[in-house]
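Dear colleague,

Please find below the structure that I agreed to hand over. My notes on it follow, and I would be grateful if you read them with the model open beside you.

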Amino acid sequence: MLFNKLGRNDSCWCGSGKKYKFCHEEFDKKVMAAKLTGHKVPTHKMIKTPEQIDGIREAGKVNNAVLDEVAARIKPGMTTLEIDNIVAETTKKLGGICAPLNYEGFPKSVCTSLNDQVCHGIPSEEDVLEEGDIVNVDCTTIYKGFYADASRMFMMGEVDEDDRHLVEIAHEAVKVGIEATKPWGYLGDIGQVVSDLAKANGYSVVREIGGHGVGIDFHEDPWVSYVTKKGTDYLLAPGMVFTIEPMINAGEPDVFVDDENDWTVYTEDGSYSAQWEVTIAVTENGNEILAW
Ligand code: MF3
Ligand code: CO
Ligand code: CO
């Protein structure tokens, strides 16, 4: 809880070394006001310091460079294991660590999710990228102790118009989510614009899997749903860092987890699914994209 008994001349809880009255006192008043009207409010732990945000930004640069390398080399005929190798090698060369490897038992360095795979696809020698495929490459880098998480879609050669549209709308969904990310707004504002856009295009949004706080750890609070309503869920405050990563299905929203590998999520109806992901910080005036 953010309420505290700090004196106005005490040094601020954020660790800036500044007096509370010159630092987070106004911030805490806004938070308390939201809390009194029944909103969920961020804990101190969810508020990153400027130094921490600098660290996440640096991790984001490495993560972006890794995704750029994938973008330059991915092509039909390649296996998803080759994507894994590109990610592992490039990350290492740049001084980073691939967060997925061994994360809760995940066996590879990156997630590669093809067509009706929603997320958490495991790179494999057996999965060859074919002309017409859509594939998500989800990359998370640890650099100097900080985490950045982002993913992009890639289209293999000539892709059906319908599938191309799905990929574009999933991209657009992240863009409208970014625009809705504002200090003193609400997390639900993001879910509202994302689900409105998906619905307007005849698509659905996966409910069970969402975004997350990120930076000091891979998955932190808050959990970020994309089927929420405007003005609900957590108050957004400067210093929060989380991902926007809605999974958009061409068909129904229902999904299941592969019971052999216990990781890969598929659409129940076999329809294609697309996802882009950014790591974003809430700032005093709006937001800053730290990884994409
Ligand atoms: N990068 C994914 C996310 O966006 C998480 C992958 S967990 C892993 O949250 F273990 F599969 F890598
Ligand atoms: Co993520
Ligand atoms: Co990710």
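Which element gives the most to the lining of the second largest pocket? Strand β4 does, with 3 residues. Please keep in mind throughout that this is a predicted model.

**The second largest pocket**

The volume of the second largest pocket is about 400 Å³. Its lining is made up of 24 residues, and those nearest the centre are Tyr103, His120, Ile209, His219 and Trp263. Besides β4, the strands β2 (111–114) and β7 (211–213) each supply at least two residues of this lining. Sorted by class, the lining of the second largest pocket holds 10 nonpolar, 9 polar and 5 charged residues.

**The cobalt ions**

Strand β4 also leads to the metal sites, since aspartate 138 lies in β4 (residues 134–143). The cobalt ion (ligand 3) is coordinated by oxygen atoms of Asp138, Asp149 and Glu277, with Asp138 listed twice, at 2.1 to 2.4 Å. Along the chain, the donor residues of ligand 3 follow the spacing D-x10-D-x127-E. Whereas aspartate 138 is in a strand, glutamate 277 is in the loop between β13 (273–275) and β14 (278–282), so this pair ties together parts that are 139 residues apart in sequence.

Why is the arrangement around the cobalt ion (ligand 3) called irregular? The angles subtended by its 6 donor atoms run from 57 to 168°, and this makes the arrangement irregular. To count as octahedral, six donors would need opposite donors over 155 degrees apart and all others between 65 and 115. As a point of reference, the ideal angles for six octahedral donors are 90 or 180 degrees.

The cobalt ion (ligand 2) is coordinated by Asp149, His212, Glu245 and Glu277, at 2.0 to 2.2 Å. In the case of His212, the donor is the atom NE2. The site of ligand 2 is irregular too, with angles of 51 to 163° among its 6 donor atoms. Its donors are spaced D-x62-H-x32-E-x31-E in sequence.

How far apart are the cobalt ion (ligand 2) and the cobalt ion (ligand 3)? They are 3.2 Å apart, and aspartate 149 coordinates both. Aspartate 149 lies in strand β5 (residues 146–155) and glutamate 277 in the loop between β13 and β14, so that pair ties together parts 128 residues apart in sequence.

Are the residues that hold these ions buried or exposed? Aspartate 138 has a relative accessible area of 11% and is buried. Aspartate 149 is buried at 2%, and glutamate 277 is buried at 0%. The reasoning here rests on a cut-off, because buried means under 20% relative accessible area.

**The largest pocket**

The largest pocket contains about 590 Å³ of space. It is lined by 29 residues, and His24, Lys48, Pro50, Pro238 and Glu284 are the closest to its centre. Helix α2 (50–73), helix α1 (25–36) and strand β14 each supply at least two of the lining residues. The largest share, 6 residues, comes from α2. By class, this lining has 12 nonpolar, 8 polar and 9 charged residues.

**Aromatic pairs**

The count of aromatic pairs comes to 6. One of them joins phenylalanine 27 and tryptophan 184 edge-to-face, at 5.5 Å centre to centre and with 70° between the planes. This pair links distant parts of the chain, with phenylalanine 27 in helix α1 and tryptophan 184 in the loop between α4 (161–179) and α5 (187–200), 157 residues apart. Phenylalanine 27 counts as buried at 7% relative accessibility, while tryptophan 184 counts as partly exposed at 25%.

Another edge-to-face pair is formed by phenylalanine 106 and tryptophan 263, with 5.0 Å between the centres and 90° between the planes. Phenylalanine 106 is in the loop between β1 (97–98) and β2, and tryptophan 263 is in the loop between β11 (255–257) and β12 (265–267), 157 residues apart. Both of these residues, phenylalanine 106 and tryptophan 263, are buried. Tryptophan 263 has already appeared above, among the residues nearest the centre of the second largest pocket. Finally, ring pairs link Trp13, Phe27 and Trp184 into a cluster.

With kind regards

Note on methods. Residues numbered from 1 in each chain as written. Chains lettered and ligands numbered in written order. Predicted model: local features only at pLDDT ≥ 70, side-chain atom pairs only at ≥ 80, totals over all residues. Heavy atoms only, no water. Donors = N, O, S within 2.8 Å, 3.2 Å for Na, K, Ca; no water. Tetrahedral: all angles 85-135°; square planar, octahedral: opposite > 155°, others 65-115°. Helix = DSSP H or I, 4+ residues; strand = E, 2+ residues; numbered from the N terminus. Buried < 20%, exposed > 50% of the residue type's maximum accessible area, 1.4 Å probe, protein only. 1 Å grid on protein atoms, 1.4 Å probe; cavity = no way out; pocket = protein on both sides within 12 Å on 5 of 7 lines; lining within 4 Å. Points joined across faces, edges and corners; volume = space filled by probe spheres on them. Nonpolar A, V, L, I, M, F, W, Y, C, P; charged D, E, K, R; others polar. Phe/Tyr/Trp six-rings, centres within 6.5 Å; stacked < 30°, edge-to-face > 60°.
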